[in-house]
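Hi everyone, thanks for making time. I'd like to walk you through a structure that's probably new to you, so please have a look at it while I talk.

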Amino acid sequence: MRIAIDIDSTIHHYWDVLSEISLRRFGVELPYEEQLTWGITRLRPEQLRICMQESHSDEMILHGRPYPHVVETVRGWHEAGHFVHVTSHRAPDRAQPTERWLQQIGLPFDDLHCSFDKVTRCCELGIDLLIDDSPLNLTSAIERGIAVATILHPWNEELCEVEGIAAGRDWTELASLLAPLIEDGRPVAQPGAPRLGAGAG
Ligand SMILES: [Mg+2]
């Protein structure tokens with residue numbers, strides 16, 4: 001299987017990094033729990049651009065702390081022979097520090113791509129599964145017939161429910177949700193199907 005994996009809010013908890021910069025630079029907090037949509041409206045576009053640029057400085061990239069179990073999970077997939085494409089919504093010149101960081105945390109990959117158009121690259125590479133938190137990327141990948149999954153965040157929860165997207169609260173849950181697909185090629189979720197755990201109470 002050919003697997004693409006996003007970085008920010010997928011491999012590491014990016015939100016706190018962005019919120020800390022926003023608070024320090026502009027005095028604007030970005031509460032995680034209140035980020036229910038993809039748009040960040042508390043900052044003006046120029047402020048957001050500055051915050052995102054700082055969040056992707058060499059220093060910030062190299063200080064990223066991966067989510068628990070992500071490295072072990074991806075390493076297991078890679079050792080089992082699956083192709084791992086790491087893809088990030090970062091400027092192309094951010095690829096070098098990003099590669100250093102991936103090596104530093106020990107996350108194996110076959111291909112790394114930093115650009116603002118991930119799904120096109122996924123299509124070029126014949127990706128079967130994209131793991132990404134962005135509702136825009138999830139929707140675009142579904143439209144192109146790519147299976148999708150995500151770490152659950154306030155901004156993608158509604159889409160995951162509506163589309164029946166495999167969504168884990170952490171990498172342990174995500175890995176077990178994806179096991180049937182990655183190990184046996186069986187689908188993990190169908191559009192419209194309830195998410196695992198939904199409707200239990
Ligand atoms: Mg992301």
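**Strands first**

Let me begin with a pairing: β1 and strand β4, which covers residues 129-131, run parallel to each other and are joined by three bridges. If you want one pair to look for, find alanine 4, whose bridge partner in β4 is leucine 130. Before I go further, keep in mind that this is a predicted model.

β1 has a second partner too. It is joined to β2 by five bridges, and again the two run parallel. Here the pair to look for is arginine 2, which stands opposite phenylalanine 83 in β2. And how many of the residues of β1 are buried? Four of the five, so strand β1, residues 2-6, is mostly covered.

Let's stay with phenylalanine 83 for a moment. This residue lies in strand β2, residues 83-88. Is phenylalanine 83 buried or exposed, or in between? It has 17 C-beta neighbours inside 10 Å, and because buried takes 20 or more and exposed means 12 or fewer, phenylalanine 83 counts as partly exposed. Setting aside residues up to four places away in sequence, phenylalanine 83 touches Arg2, Ile3 and Asp110. There's also aspartate 128, 45 residues away along the chain, and its C-alpha atom is 9.8 Å from that of phenylalanine 83.

**The whole chain**

Now let's zoom out. The chain has nine helices and six strands. Its C-alpha atoms fill a box of roughly 50 × 40 × 30 Å along the principal axes. The radius of gyration is 16 Å, which agrees with the value near 17 Å that a compact globule of 201 residues would have. Of those 201 residues, 35% are buried. And if you take contacts between residues at least 6 apart in sequence, 59% of them join residues at least 24 apart.

**What's in the core**

Nonpolar side chains tend to be buried together in soluble globular proteins. So what does the largest nonpolar core look like here? It has 36 residues, and the ones with the most contacts inside it are Ile5, Leu129, Leu130, Ile146, Val148 and Ala149. Helix α9, residues 171-184, gives the most to this core, with five residues. Apart from that core lies another one, of five residues, including Tyr14, Val17, Ile21 and Cys51.

Alanine 149 is a good one to click on. Leaving out neighbours within four places in sequence, alanine 149 is in contact with Leu129, Ile131, Ile165, Ala166, Ala167, Leu174, Leu177, Leu178 and Val188.

**Two domains**

The chain is divided into domain 1, which is 2-12 plus 67-184, and domain 2, which is 14-62. Their centres, taken over C-alpha atoms, are 21 Å apart. Where they meet, 15 residues of domain 1 are in contact with twelve residues of domain 2. On the domain 1 side, α5 (95-105) and α7 (135-143) each supply at least two residues. The largest share of that side comes from α5, with five residues. By type, the domain 1 side divides into six nonpolar residues, five polar and four charged.

Since α7 came up, which of its residues are buried? They are Pro135, Asn137, Leu138, Ser140 and Ala141. Those buried residues pack against α6 (118-124), β4, β5 (147-151) and α8 (157-163). After α7 comes glycine 145, with a positive phi near 80°.

**Two odd backbone angles**

Last stop: two residues other than glycine that have a positive phi. One is serine 9, with phi near 70°. Serine 9 is found in the loop between β1 and α1, residues 14-26. There are 21 other C-beta atoms within 10 Å of serine 9, so this residue is buried, given that 20 are enough.

The other is histidine 69, where phi is near 75°. Histidine 69 is found in the loop between α3 (58-62) and α4 (70-79). With 16 other C-beta atoms within 10 Å, histidine 69 is partly exposed.

That's the tour, thanks for listening.

Notes:
Residues are numbered from 1 along each chain as its sequence is written. A nonpolar core is a set of buried Ala, Val, Leu, Ile, Met, Phe, Trp, Tyr and Cys residues joined through C-beta atoms within 7 Å. Two residues are in contact if their C-beta atoms, placed from the backbone, lie within 7 Å. Domain bounds come from an automatic or database domain assignment. Ala, Val, Leu, Ile, Met, Phe, Trp, Tyr, Cys and Pro count as nonpolar, Asp, Glu, Lys and Arg as charged, and the others, Gly among them, as polar. The radius of gyration is taken over C-alpha atoms; the globule rule is 2.2 Å times the number of residues to the power 0.38. Two strands pair if DSSP finds at least two bridges between them.
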